[in-house]
Amino acid sequence: MTLSGPEALRSLDEALRDIRREEDEVAKRLARGAELIAKIRETEGELLRQLAAVRLDPANQAELSGQLSLAEERARVLFKQHAQELRRTEEQLKKEDKAVSSMVAERARLGKEVGELQSELEGLAAKVASEASKSPEYAAQLAKTQELIHVAEESLRKTAQAEADREQKGRPYRDDPLFMYLWERSYGTANYRSNNLVRWLDGLVAQMVNYPEARPNFAMLNEIPLRLREHAERQQEKAQAAQEDLAQLQQAAVDAAGGAPLRERLRQAEERMAAIDDELVALEDVRDETASSRRELAQGRDPAFTAAIDALAEGLGREDIQQLLEQARATRTGQDDTIVKQIDDARSRAQEELNESEEQKARLQTLASRRRELEDIEFEFKKAGYDDRRSSFGADDLVGDLLTDFLRGGISAAGYWDAWRRSQRWQDDDDDDRGPWSSGGFPWPEGSIASGSRPRSGGGRSWGRLPGAGGGGFSRPRGGSAGTRRHGGFKTGGGF
């Protein structure tokens with residue numbers, strides 16, 4: 001089943017929303033667990049007071065009870081501070097989540113509007129294309145552009161072949177350590193510098209490897225691809241300029257038929273979408289900081305909670321209390337045994353809760369990491385224009401099994417993003433009919449009527465990328481800086 005660009009983006013948005021929701025649930029379970037542990041410790045203190053009442057004289061009993069009460073009172077104050085800060089952070093997170101949801105919804109609405117405006121402009125272009133293409137000026141510019149594109153494509157082909165020859169035919173030279181020794185020392189050129197003894201020895205080496213005859217061949221293998229690449233880049237620039245001139249003629253024809261208002265509305269909608277993307281990047285970073293603070297609070301790593309637990313632990317771990325327990329265990333009376341068993345049960349429940357909390361802490365950390373990685377992927381997705389209505393994906397498991405595999409750590413973020421890129425196709429990739437302005441499979445320039453203003457990095461049919469160009473990794477800025485989503489001016493004013 002094919003997945004459209006807008007559908008794919010909605011799926012990514014939903015996945016991010018689900019991760020954030022699960023983060024909230026895990027954080028709340030951790031907070032409840034920390035609160036439960038605190039209550040168990042207080043219960044343990046009360047049981048110890050009961051044990052003291054049975055086994056100690058009134059004076060010692062009062063002293064122990066007073067010490068426990070002081071520790072518990074101090075802990076209650078600190079637990080209250082912790083709870084207040086946790087509530088404040090959760091409320092702030094809810095506000096930020098609401099703002100993110102609002103922006104995502106607005107962007108989705110604008111995306112739908114952009115698609116509708118694109119369709120209107122395409123329909124208008126279809127009406128005027130036949131007459132406009134009969135214009136001598138347009139026919140001449142079309143022929144010129146096609147010829148320049150052909151030259152650019154041939155230049156790219158020759159460059160690729162020369163680079164392949166350099167790799168294949170140059171390998172025997174690079175694998176010869178003696179040849180490469182002389183090459184790296186610039187032997188046989190004006191840049192060679194050595195004393196007489198080394199020069200004589202290098203001459204013997206040169207004779208051994210037939211260096212005088214081999215050096216020019218290796219130099220040519222390295223030089224030709226560089227010169228061809230420079231030539232290809234110049235031809236590419238000429239073809240791009242011709243495409244832009246052709247797009248201007250297309251724009252004029254559409255404007256004459258009433259397309260200018262549509263183009264302006266489309267421009268405004270796309271600019272607002274780009275602004276939302278930048279705002280989302282900044283807001284997601286702010287939310288990430290808030291989520292990090294909430295995570296620390298839920299895990300009990302903030303100073304107030306740590307101090308409260310330490311106060312209880314100090315009170316319950318006093319030497320006289322430990323002696324009291326040891327004495328109670330050493331004697332067998334019904335009342336003692338009941339209280340000691342209750343204390344042991346309380347400590348066992350506290351340990352179980354601590355063990356479960358460790359699992360939840362690890363889960364929360366993993367969720368935060370996956371969320372950030374998915375934010376990176378969505379940023380690249382929108383930056384590449386993959387959410388365009390003419391973009392589609394052949395692998396529907398990208399938002400099914402593959403997404404689940406990524407979230408579980410089965411594949412890396414880079415691997416998941418690569419799967420998106422491999423699956424992505426543009427509407428005209430396998431269609432020689434490029435619309436009302438096409439002619440013999442002419443590859444329209446980005447920004448023209450038939451191509452559109454949305455970037456196509458990673459997909460689509462393009463002569464304009466030299467072999468070896470491009471890069472990897474994620475480009476989403478972090479730390480509160482604004483995004484850099486590219487969007488074009490759609491030379492006829494829109495994005496199709």
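**Entry: Glu106 and its partner**

I looked up Glu106 and found it partly exposed, at 23% relative accessibility. This is a predicted model, so I take every value here as computed from a prediction. Which residue forms a salt bridge with Glu106? I found Arg272, with the closest N and O atoms 3.0 Å apart. Arg272 is in helix α8, while Glu106 is in helix α2 (residues 58–132), so the pair ties together parts that are 166 residues apart in sequence. I checked the cover on Arg272 as well: its relative accessible area is 28%, which makes it partly exposed. A reminder to myself: side chains of opposite charge can pair when their charged atoms come close.

**Entry: other salt bridges**

I searched the whole structure and got 36 salt bridges. I then picked out two pairs.

The first pair is Glu167 with Arg174, whose closest N and O atoms are 3.6 Å apart. Glu167 is partly exposed at 44% relative accessibility. Arg174 is partly exposed too, at 33%.

Next I took Arg422 and Asp418, where the closest N and O atoms are 2.5 Å apart. Both residues belong to helix α13, and because they are four residues apart, about one helical turn separates them. Are the two buried or exposed? Arg422 counts as exposed, at 54% relative accessibility. Asp418 is partly exposed, at 32%.

I also noted a network of salt bridges. It links Arg20, Glu23, Glu284, Asp285, Asp288, Arg371, Arg372, Glu375 and Arg476.

**Entry: helix α8**

Arg272 sent me to the helix that holds it, α8. I read its range as residues 260–298, which is 39 residues. How far does α8 reach from its first C-alpha to its last? I got 55 Å, close to the 57 Å expected at 1.5 Å a residue. Gly300 follows α8, and its phi is positive, near 75°.

**Entry: positive phi away from glycine**

Most residues other than glycine have a negative phi. I therefore looked for residues that go the other way, and list two here.

Ser186 has a positive phi, near 60°. I placed Ser186 in the loop between α5 (177–184) and α6 (196–208). Ser186 is partly exposed, with a relative accessible area of 23%.

Asn210 has a positive phi of about 55°. I placed Asn210 in the loop between α6 and α7 (211–256). The relative accessible area of Asn210 is 41%, so I logged it as partly exposed.

**Entry: the largest nonpolar core**

I turned to the inside. The largest nonpolar core has 28 residues. Which of its members touch the most other members? I wrote down Leu374, Ile377, Phe381, Phe393, Tyr416 and Trp420. Four elements give two or more residues to this core: α1 (5–55), α11 (334–383), α12 (401–407) and α13 (413–423). α1 gives the most, with nine residues.

I followed Trp420 further, leaving out residues up to four places away in sequence. Trp420 touches Leu3, Ala8, Leu12, Ile377, Phe381, Phe393, Leu398 and Val399.

I found a second, separate core of 17 residues. Its members include Leu121, Leu124, Leu262 and Ile276.

**Entry: the sides of α13**

Where do the buried residues of α13 sit around its axis? I first listed them: Ala413, Tyr416, Trp417, Ala419, Trp420 and Ser423. They cover an arc of only 150° around the axis, which puts them on the same side of α13. Asp418 and Arg422, the pair I noted earlier in this helix, are not on that buried list.

**Entry: the whole protein**

I closed with totals. The protein has 13 helices and three strands. It has 496 residues, of which 42% count as buried. It exposes about 25,300 Å², and carbon and sulfur atoms supply 49% of that area. I also looked at contacts between residues at least 6 apart in sequence. Of these, 86% join residues at least 24 apart.

Technical notes
Residues numbered from 1 in each chain as written. Predicted model: local features only at pLDDT ≥ 70, side-chain atom pairs only at ≥ 80, totals over all residues. Heavy atoms only, no water. Core = buried A, V, L, I, M, F, W, Y, C linked by side-chain atoms within 4.5 Å. Buried < 20%, exposed > 50% of the residue type's maximum accessible area, 1.4 Å probe, protein only. Contact = heavy atoms within 4.5 Å. Expected span 1.5 Å × (residues − 1). Arc of directions from axis to C-beta. Salt bridge = Lys/Arg side-chain N within 4 Å of Asp/Glu carboxyl O. Areas by Shrake-Rupley, 256 points an atom, 1.4 Å probe, with all protein chains shown as cover.
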